Amino acid sequence: MPEQYAKPHLSVGEQLDLLERRGLQVGDRIAAERTLRLVGYYRLSAYTYPFRQLLTQRERAQSGSRFSYRGSGFIEGASFETVRDLYLFDRRLRLSMLDALEVVEVSLRAAVAHVLGRRDPFGHVRRASLNPTACGKLNRGTNRDAFSDWMDAYRKKQQAASQEDFVRHHLEKYREPLPVWVAVEFLDFGSTVRLLSLLRGDDRNTVAAMHGVGNGSLFIRWMRNLNYLRNVCAHHSRLWNRTLTYAYSKWRPRDASDYLSHVASSEPRNKVYIGLAVTAALIRHLDGRSPWSNDLSTLILGFPEHPILSLQRDMGFPDGWQCQPIWCQT
């Protein structure tokens, strides 16, 4: 039976005292307190977690929690400065991913609008212009199909954007519906991927090819994966050692860039490395002059050094990753 939370409120100084009593070394107390004020004790605890001592099986059983794997004490040599470095690394990684995923998201909107708009300027709200099988797929336990759900979501997006100048200007001059190249401007990444999944097969493949991917279904899966990563980054959640909710499926090397042949069937499939590599391949295709993949590899080489931390184990990086062409200067 869950008990009432009864831990006392602690000042920033008391929070740091507690960490020190538990074995975390603090080199610069003033800097450490400043970090706690900026970040917060609870948020920073996600980055202290890898440095806490593992519980024995008996201790786990006695803890009364299925989710307790580590105790409150820290391993020997753990320091606040390494924890802070890990937090800052993760922050830079998220910002770098957001920078690249903006390019991918905007390109996806433009491609969907161009391809679907060529078939029908209002194809995003006309079932007949979309894939009948995808549109007719019933949601589990309901009589509603995917197109009906899409239309509900689309109307909410349009209503939320009703005060945007470009929407008001268009509706003052033209009646509804909005053409797809206008509508995509108020769709978020997830909504755009949702519309992509409803396109006809040849339209999907065309959008995929515009991004250097030879299989429309594979491209949709990638976009769903990247939308998840985008949400993690946009909400400032921990990224560096995340186990992905949606693991990457394996693919035929010929369906994607040669840059990605080393991860087409590699393991693990649920760590961030594949997402980083896929993003880098997309950016290289969309903008061959972009230094993003080189900049990211430089960032990764700055991963905090500590025996408990591992690019391979925690992030899924393969041995010799930095020698892969995708991360090398072109």
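What follows is a chat about a predicted model, one question at a time.

Me: Let's start with Asp145. Which loop is the place of Asp145 in?
Reply: Look for two helices, H6 (132-135) and H7 (146-160). The loop that holds Asp145 is the one between helix H6 and helix H7.

Me: Is Asp145 buried or exposed?
Reply: The relative accessibility of Asp145 is 12%. Buried means under 20%, so with 12% Asp145 counts as buried.

Me: Which side chains make a polar contact with the side chain of Asp145?
Reply: One polar contact, of 2.9 Å, joins Asp145 to the side chain of Arg127. Another, also given as 2.9 Å, goes to the side chain of Ser148. That gives the names Arg127 and Ser148.

Me: Leaving out residues up to four places away in sequence, what does Asp145 touch?
Reply: Arg127, the polar partner from before, turns up here too. With that sequence limit, the residues Asp145 touches are Arg127, Cys135, Gly136, Lys137, Leu138 and Asn139.

Me: On to helix H7. How many Å does H7 reach from its first C-alpha to its last?
Reply: H7 has 15 residues. At 1.5 Å a residue, 21 Å is expected, and the reach is close to that. From first C-alpha to last, H7 reaches 21 Å.

Me: Which residues in H7 are buried, and what covers them?
Reply: The buried residues are Ala146, Phe147, Asp149, Trp150, Met151, Tyr154 and Gln158. Their cover includes H6, H8, H9 and helix H10 (189-198).

Me: How many residues of H10 are buried?
Reply: H10 is mostly covered. The buried ones are Phe189, Ser191, Thr192, Val193, Leu195, Leu196, Ser197 and Leu198. What covers them includes H5, H6, H7, H9, helix H11 (201-209) and H12. Of the 10 residues in H10, the buried count is eight.

Me: At the start of H10, which backbone nitrogen does a side-chain oxygen of Asp188 reach?
Reply: The oxygen belongs to the side chain of Asp188, and it comes to within 3.3 Å of its partner. That partner is the backbone nitrogen of Gly190.

Me: What about charged pairs: how many salt bridges are there?
Reply: Side chains of opposite charge can pair when their charged atoms come close. Counting a Lys or Arg nitrogen within 4 Å of an Asp or Glu carboxyl oxygen, the number of salt bridges is 19.

Me: Why are Arg29 and Glu33 about one helical turn apart?
Reply: The two side chains meet in a salt bridge of 3.3 Å, N to O. Both sit in helix H2 (residues 29-39), and because they are four residues apart there, their separation is about one helical turn.

Me: Which of Arg29 and Glu33 is buried, and which is partly exposed?
Reply: Arg29 has a relative accessible area of 31%, so Arg29 is partly exposed. For Glu33 the value is 17%, and buried means under 20%. Glu33 is therefore buried.

Me: Which residues are linked with Arg29 and Glu33 in a network of salt bridges?
Reply: Arg29 and Glu33 belong to a network of salt bridges. The others linked in it are Asp17, Glu20 and Arg37.

Me: In which helix do Asp90 and Arg94 lie?
Reply: Their side chains meet in a salt bridge of 2.8 Å, N to O, and Asp90 and Arg94 are both buried. They are four residues apart, about one turn, in helix H5 (residues 80-119).

Me: Where is the peptide bond cis, with omega near 5°?
Reply: Most peptide bonds are trans. The second residue of this cis bond, Pro177, is in the loop between helix H8 (165-173) and helix H9 (180-183). The bond runs from Glu176 to Pro177.

Me: Which residues does the cis peptide bond with omega about 0° join?
Reply: One partner, Pro268, has its place in the loop between helix H12 (216-234) and helix H13 (272-286). The bond joins Glu267 and Pro268.

Me: What is the phi of His236?
Reply: Most residues other than glycine have a negative phi. His236, in the loop between H12 and H13, has a positive value. Its phi is near 60°.

Definitions and conventions:
Residues numbered from 1 in each chain as written. Predicted model: local features only at pLDDT ≥ 70, side-chain atom pairs only at ≥ 80, totals over all residues. Heavy atoms only, no water. Buried < 20%, exposed > 50% of the residue type's maximum accessible area, 1.4 Å probe, protein only. Polar contact = N/O pair within 3.5 Å; in protein donor to acceptor, adjacent residues only side chain to side chain. Contact = heavy atoms within 4.5 Å. Expected span 1.5 Å × (residues − 1).
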